[in-house]
Amino acid sequence: MKNRVRLRSALGKALVLGALLTVTVSGTAYANTVAVTVKTPGATSGPTTIDSEISTHADCASGLVSGGGVTTTDFMKTGSGGPHLNGSFPSDSAGNPVRNGVAGPSYWTAVAHAGGSPAPNSYTDGWALCLNAHRKGEGEDEG
C-alpha cells in the first residue's frame, strides 16, 4: 500500500512538473502536449546473499526522466533478512549517476543491498517517470 501511495505522489508531482513545463516552455519550444509514462524493468531478483548489492535501471528512451524511485517486494518472506534501499538516481545507460548539469538524462537507477543476513526471497523494483513532449515548431499547423 505504501508503494502505491509513493508512486501516486511521485506521479502527481511529475504531472504538475509537466503542466508547468507546458506553460513555461510553450512560448519558446511550442510544446503542445506533455505525457508522463511510468517505465520499469520489472521486479529484479535480489539482493539475495549476505553483503550483496543489486542495481536495476528503467529506460526513458523516448523522453526525459523526471524522477523515479525504488522499492523492494517480498522481503518479509521467511528466510529474508530485509534488504536496505541504498537509493535511486538519474543515470546513464550503464547505471552511473549523471553529473551535475547534465541535460536530458533518460535512465533512472535503483540500488538495494542485502546487509549482514541473506535475503533469498527479495526483489528490487526500480521505476522512472518519463516526460514525453510533442513540440511543434514556429509556423507549424496547430491542428
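These legends go with a set of close-up views of a predicted model.

**View 1. The whole chain, one helix and seven strands.**
Going along the sequence, you meet the elements in the pattern α-β-β-β-β-β-β-β. The chain has 143 residues, and buried ones make up 32% of them. Its accessible surface comes to about 8,300 Å², with 55% of that belonging to carbon and sulfur atoms. Look at contacts with a separation of 6 or more, and 76% of them turn out to be between residues 24 or more positions apart.

**View 2. An open sheet built from three strands.**
The strands sit in the order 3-6-5, and their pairing is antiparallel. Strand 3 and strand 5 (84–91) are the edges, each pairing on one side only. On average, neighbouring strands here are turned by 15 degrees against each other, ignoring direction. As a reminder, strands of a sheet pair through backbone hydrogen bonds, either parallel or antiparallel.

**View 3. Strand 6 and its two partners.**
Strand 6 covers residues 107–113 and pairs with strand 3 in the antiparallel sense over seven bridges. To find your way on that side, look for S55, whose bridge partner in strand 6 is V111. Strand 5 also pairs with strand 6 in the antiparallel sense, again over seven bridges. The landmark here is P90, which has W108 as its bridge partner in strand 6.

**View 4. Side chains of strand 6, pointing two ways.**
How many of the seven residues of strand 6 are buried? The count is seven of seven, so the strand is mostly covered by the under 20% relative accessible area cut-off for a buried residue. Y107, T109, V111 and H113 point one way, while W108, A110 and A112 point the other. Both sets are buried.

**View 5. The disulfide between C60 and C130.**
A search of the whole structure turns up one disulfide. Its sulfur atoms, from C60 and C130, are 1.8 Å apart. This pair links distant parts of the chain, 70 residues apart: C60 is in the loop between strand 3 and strand 4 (64–73), and C130 is in strand 7 (residues 123–135). The angle about the S-S bond is -70 degrees, making the link left-handed. Are the two cysteines buried or exposed? C60 counts as buried because its relative accessibility is 0%, and C130 is buried too, with a relative accessible area of 1%.

**View 6. The largest nonpolar core, with both of those cysteines in it.**
Six residues make up this core: A58, C60, V65, W108, A128 and C130. Centre the view on C60 and leave out its neighbours within four places in sequence. What is C60 in contact with then? The list is V65, S106, A128, L129 and C130.

**View 7. Two backbone oddities in the loop between strand 2 and strand 3.**
This loop runs between strand 2 (44–45) and strand 3 (53–59), and P47 lies in it. The peptide bond joining G46 and P47 is cis, with omega about 0 degrees. D51 lies in the loop between strand 2 and strand 3 as well, and its phi is near 60 degrees, a positive value in a residue other than glycine. Most residues other than glycine have a negative phi, and most peptide bonds are trans. D51 is exposed, since its relative accessible area of 53% is over the 50% cut-off.

Note on methods. Residues are numbered from 1 along each chain as its sequence is written. This is a predicted model: local features need pLDDT of at least 70, side-chain atom pairs count only at pLDDT 80 or more; totals for chains, interfaces and linings use all residues. Side-chain values use heavy atoms; hydrogens and water are left out. Helices (H or I, at least four residues) and strands (E, at least two) are DSSP runs, numbered from the N terminus. Buried means under 20% relative accessible area, exposed over 50%, partly exposed in between (1.4 Å probe, protein chains only). A nonpolar core is a set of buried Ala, Val, Leu, Ile, Met, Phe, Trp, Tyr and Cys residues joined through side-chain atoms within 4.5 Å. Contact means heavy atoms within 4.5 Å. Accessible areas come from the Shrake-Rupley method with a 1.4 Å probe; for residues, only the protein chains shown count as cover. Two strands pair if DSSP finds at least two bridges between them. Axes are lines fitted to C-alpha atoms, for helices over the stretch in contact, and angles run from 0 to 180 degrees between N-to-C directions. A disulfide is a pair of cysteine sulfur atoms within 2.5 Å.
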